[in-house]
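The following exercises concern one protein chain and are to be worked with the sequence and the coordinates at hand. Each task is followed by a solution in steps.

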Amino acid sequence: QKKVREQRFRGTCLDSDQGSRQPLDLHQMVAENIISAPAPIKRKFENKAEMEAIIREMDWEKLHIATLKQIWEALAPLLKAEDLTFPSSGSFLGRTNVDFSFEWDRRRWHATLAKKSVRYAGKTVDFINIKLPLDGFLMPAEYATSRLQPNGMVDTKEVDRFLGPILDVIPFNDYRFESFYKRKENRVELWFWDNGGADRCITIKWEPGWPENYSSTHSYSKAELLARMKAPKPETSWGDEYKWGQ
């Protein structure tokens with residue numbers, strides 16, 4: 001079974017190792033990211049005016065987990081009570097998929113909901129899995145609990161505000177909650193396990209996706225691409241003084 005449904009949404013972070021509130025310093029972030037750059041690039045970015053110009057180009061919102069909350073709030077009006085309903089007895093028969101199309105950040109995105117019964121940890125578990133696009137959120141390290149527990153998410157009031165609207169739709173009377181902040185996989189996951197005696201779980205995951213009608217603006221046939229590669233052109237877009245990685 002497959003259904004399709006349609007529907008604009010567009011702080012401080014923590015030092016996760018120390019647990020203290022600190023403003024997110026973009027100057028420091030940019031500096032740390034160019035430490036390993038070639039010397040000419042370092043000299044260029046050491047200029048304060050250049051640094052500030054780069055920071056002005058960055059979108060502050062994409063550094064905060066509120067971005068994921070806004071994506072959820074763009075999808076939530078499309079969810080129906082039946083979408084988060086489990087069988088009154090027994091397990092799911094087969095698999096049900098629902099596709100959602102919603103507008104966020106001036107573009108149209110897709111999310112999915114899947115209901116299925118699978119073997120998990122040695123037993124049969126009914127899952128409702130919701131997947132949303134992560135795109136735009138930059139996954140800063142401030143939301144990871146520590147370097148020793150890289151997939152955990154910090155416990156802060158900011159994260160509580162992110163979770164609030166999601167908790168409103170969880171149908172279980174009682175549940176066990178798990179969160180995963182997977183920077184290497186570029187994914188944020190929330191797991192809600194039913195504590196009512198049934199093996200049931202709702203997962204909500206933000207992961208990379210693409211807006212509707214996404215396509216490259218540069219399309220070439222094989223012959224056109226080979227001709228393009230043979231045509232005269234600059235050595236690099238950085239200018240001839242920067243020649244690395246050749």
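A residue is called buried when its relative accessible area is under 20%, exposed when that area is over 50%, and partly exposed in between. The model is a predicted one.

**Exercise 1. Overall composition**

Task: State how many helices and strands the protein has, and what share of its residues is buried.

Solution.
- Step 1. The secondary structure consists of 6 helices and 9 strands.
- Step 2. Of the 246 residues in the protein, 36% are buried.
- Step 3. The exposed surface of the protein amounts to about 15,300 Å², and carbon and sulfur atoms supply 49% of it.

**Exercise 2. A network of salt bridges**

Task: Identify the partner of Arg-187 in a salt bridge, and classify Glu-189 as buried or exposed.

Solution.
- Step 1. Arg-187 forms a salt bridge with Glu-189, and the closest N and O atoms are 2.6 Å apart.
- Step 2. The relative accessibility of Glu-189 is 3%. The limit for a buried residue is under 20%, and Glu-189 therefore counts as buried.
- Step 3. Arg-187 has a relative accessibility of 22%, so Arg-187 counts as partly exposed.
- Step 4. The pair belongs to a network of salt bridges that links Lys-182, Arg-187 and Glu-189.

**Exercise 3. Two further salt bridges**

Task: For the salt bridges Lys-69 with Glu-73 and Glu-207 with Lys-131, determine where the partners lie along the chain.

Solution.
- Step 1. Side chains of opposite charge can pair when their charged atoms come close. A search of the whole structure yields 7 salt bridges.
- Step 2. In the salt bridge between Lys-69 and Glu-73, the closest N and O atoms are 2.9 Å apart. Because these residues are 4 apart in helix H4, about one helical turn separates Lys-69 from Glu-73.
- Step 3. Lys-69 is partly exposed at a relative accessible area of 22%, and Glu-73 is partly exposed at 23%.
- Step 4. The side chains of Glu-207 and Lys-131 meet in a salt bridge at 4.0 Å, N to O. This pair links distant parts of the chain: Glu-207 belongs to strand S9 and Lys-131 to strand S6 (residues 123-133), 76 residues apart.
- Step 5. Glu-207 counts as partly exposed at 22% relative accessibility, as does Lys-131 at 34%.

**Exercise 4. The packing of H4 and H5**

Task: Describe how the axes of helix H4 and helix H5 are arranged.

Solution.
- Step 1. Two packed helices are described by the angle between their axes and the distance between the axes.
- Step 2. The axes of H4 (residues 66-75) and H5 (residues 157-167) come within 9 Å and cross at roughly 15°.
- Step 3. Angles under 35 degrees count as roughly parallel; H4 and H5 are therefore roughly parallel to each other.
- Step 4. The crossing in which H4 passes H5 is left-handed.

**Exercise 5. Loop residues and their spatial partners**

Task: Locate Ala-81, Gly-94 and Glu-185, and give a C-alpha separation for each.

Solution.
- Step 1. Ala-81 lies in the loop between H4 and strand S4 (96-104), and a relative accessible area of 68% makes Ala-81 exposed. Its C-alpha atom is separated by 8.4 Å from that of Val-169, 88 residues apart along the chain.
- Step 2. Gly-94 is in the loop between H4 and S4 and counts as exposed at 55% relative accessibility. Gly-94 and Lys-115 are 21 residues apart in sequence and 8.4 Å apart in space, C-alpha to C-alpha.
- Step 3. Glu-185 is in the loop between strand S7 (175-182) and strand S8 (187-194), and is partly exposed with a relative accessible area of 38%. Glu-185 and Asn-151 are 34 residues apart in sequence, with 9.7 Å from C-alpha to C-alpha.

**Exercise 6. Positive phi values**

Task: Compare the phi angles and the accessibilities of Asp-105 and Arg-106.

Solution.
- Step 1. Asp-105 is in the loop between S4 and strand S5 (107-120), and Arg-106 is also found in the loop between S4 and S5.
- Step 2. Asp-105 is not a glycine, yet has a positive phi of about 55°. Arg-106, likewise a residue other than glycine, has a positive phi near 70°.
- Step 3. Asp-105 counts as buried at 7% relative accessibility, whereas Arg-106 counts as exposed at 56%.

Methods: Residues are numbered from 1 along each chain as its sequence is written. This is a predicted model: local features need pLDDT of at least 70, side-chain atom pairs count only at pLDDT 80 or more; totals for chains, interfaces and linings use all residues. Side-chain values use heavy atoms; hydrogens and water are left out. Axes are lines fitted to C-alpha atoms, for helices over the stretch in contact, and angles run from 0 to 180 degrees between N-to-C directions. Helices (H or I, at least four residues) and strands (E, at least two) are DSSP runs, numbered from the N terminus. Angles under 35 degrees count as roughly parallel, over 145 as roughly antiparallel, 65 to 115 as roughly perpendicular and the rest as oblique. A crossing is left-handed if the near helix is turned anticlockwise from the far one by less than a right angle, and right-handed if clockwise. Buried means under 20% relative accessible area, exposed over 50%, partly exposed in between (1.4 Å probe, protein chains only). Accessible areas come from the Shrake-Rupley method with a 1.4 Å probe; for residues, only the protein chains shown count as cover.
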